[in-house]
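Got your viewer open and a selection box ready? Let's walk through this model one stop at a time.

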Amino acid sequence: MNHTRAALYLDFDNVFIGLFKLDPAVAIQFASNPGAWLGRLSSISATDGVRRWLILRCYLNPAGWVGNRSPTGEQERLFFSRFRPSFVRAGFEVIDCPRYNATKNGADIRIVIDAIDALTADTHYEEFVIASGDSDMTPLLQRLRRSDRRTMIVSPADAADAFVAMADRVLDSEQLLALVQGDPMNLDGDADETPDTGFDGGPAAREQARDEAYATLRAIVLAEYDAASTPINMAALAQRLRSELGRPITATNWFGFGSFARALESLDLPNLRMSQHLIWDDARHAAPEPAATTAHGGILPEPVERLAELLNLPRIPPEWWPPVYQTLADYASTHQFNLTQCTSWARDQLHDQGVPVSRGAVAFVVRGTSYGGRPLHGQPPPSGTEVGAAFVANVLNRADAAGIAFDDEETAVVHDWLGVPRPTVADPGQSLPG
């Protein structure tokens, strides 16, 4: 049986804390039974057969801990050292990495040194798996690529673009959660496979499937257009098409037209008129007032478009964001948190409210809320207002970290679009409460 000679380097603190912010129960499952997910990871997207783990190293700060609510409701410290035996039993070499200062434990530099040493070893390691979202290791991935070694990143957080771009394969937070829980995984988009066209099969089958998907798009748009008594919100229509057609739209970038607006123009709709946000039939509909054409609607405002392009912010209309926040708050107040259940439940509830968001969009908000400091599993559960504020704060913090510069006016546009009032600035003559 063919196998891939692989090395796995796990920054335990980075991955565990990232998972814990998303779903504490899954984080504890990850740390308590590493052998289960390691076995599944052996065959995921392996190109030359099942991975044979020649190196398994776990870098862990034994004094590290997170605050965790006990079964009795009391807050307690969950020390990382508790999980050391679990990794030893799973065949990992556990390397203690105590903190050097308030923020660093030295795991990243140890991983870099050990991986470089492996490059010069007698054994030829064909693939290096780096379990960490720390973008400080981007130079390591560049060095591994120069040595013609395949690389995979496993990260529970939204890693920096430069870090992700250097890897042949990325296992993101949703895939990692599915891996740990043994759920089916969406593995579309492997960098080391044939580029994703959105369609399966040979060239002829893909061409036929593309034509059928485009015909479906045309039928949906024509039905909406013919039935509309007023101008149509482009963002809502685009989201419906994304929900119903899915991967073909994303993979082909609107069937090669590059944007939803150009895809609409290709349909040759009768008497079509289009503003920045709306479309209408000039023979049947009254043209919208100028003020209406600049109201929030179809095409994303430029600052929001930048966030969508660089951070994968869901492209949904502004009126949908507040119901998403409130529905997630409703879930948090009535359920014991489970990310998989949460995203499915919230999606179904929102669809019933006439807000057809995708499960992926819901998961995006859940992650942002967790990293924004108000996780749904927190106590007391966050309100809809708190969910929204934490989510927007996280989006803007990620934008800043990615070098996306917004002036005050653009920041206000982002807040307005995402349905969260911008925090007020205290009067310079007043002092903030301590």
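Begin just past the end of a helix: select Gly373, which sits right after α17 and takes a positive phi of about 100°. Keep in mind throughout that the model is a predicted one.

**Stop 1: back into α17**

Now extend the selection to residues 359-371, the 13 residues of helix α17. Put a distance between its first C-alpha and its last and you should read 19 Å, close to the 18 Å expected at 1.5 Å a residue.

Is this helix mostly covered or mostly open? Colour it by accessibility and look: α17 is mostly covered, with 10 of its 13 residues buried. Show the side chains of the stretch that begins with Ala361, Val362, Ala363 and Phe364; these are among the buried residues, and so are Arg367 and Thr369.

Which elements cover them? Show α1 (12-22) and α8 (173-181), then α14 (302-311), α15 (321-334), α16 (339-352) and α18 (384-401); the cover of the buried residues of α17 includes these helices.

**Stop 2: the largest cavity**

Keep α8 on screen and add α3 (34-41): each of the two supplies at least two residues of the lining of the largest cavity. To see the lining, select Leu10, Val15, Phe30, Trp37, Leu41, Ala131, Val154, Leu176 and Leu179. By class, that lining has nine nonpolar residues, no polar ones and no charged ones. The space inside comes to about 50 Å³. In total, the count is three cavities of 30 Å³ or more.

**Stop 3: helix α5**

Next, select residues 107-119. This is α5, another helix of 13 residues, and its first and last C-alpha atoms are 18 Å apart, close to the 18 Å expected.

Which of its residues are buried? Highlight Ala107, Asp108, Ile111, Asp114, Ala115, Ala118 and Leu119. Looking down the axis shows why they fall on the same side of α5: they cover an arc of only 150° around it. Two of the names on that buried list are aspartates, Asp108 and Asp114, so give them a click.

To see what lies over that buried set, show strands β1 (3-11), β2 (50-60), β5 (93-96) and β6 (127-131), along with helix α6 (138-146); all of these are included in its cover.

**Last stop: the whole chain**

Zoom out and switch to cartoon: the chain has 19 helices and 11 strands. Of its 434 residues, 47% count as buried. If you draw a contact map, take the contacts with a separation of 6 or more: 63% of them are between residues 24 or more positions apart.

Key: Residues numbered from 1 in each chain as written. Predicted model: local features only at pLDDT ≥ 70, side-chain atom pairs only at ≥ 80, totals over all residues. Heavy atoms only, no water. Helix = DSSP H or I, 4+ residues; strand = E, 2+ residues; numbered from the N terminus. Expected span 1.5 Å × (residues − 1). Buried < 20%, exposed > 50% of the residue type's maximum accessible area, 1.4 Å probe, protein only. Contact = heavy atoms within 4.5 Å. 1 Å grid on protein atoms, 1.4 Å probe; cavity = no way out; pocket = protein on both sides within 12 Å on 5 of 7 lines; lining within 4 Å. Points joined across faces, edges and corners; volume = space filled by probe spheres on them. Nonpolar A, V, L, I, M, F, W, Y, C, P; charged D, E, K, R; others polar. Arc of directions from axis to C-beta.
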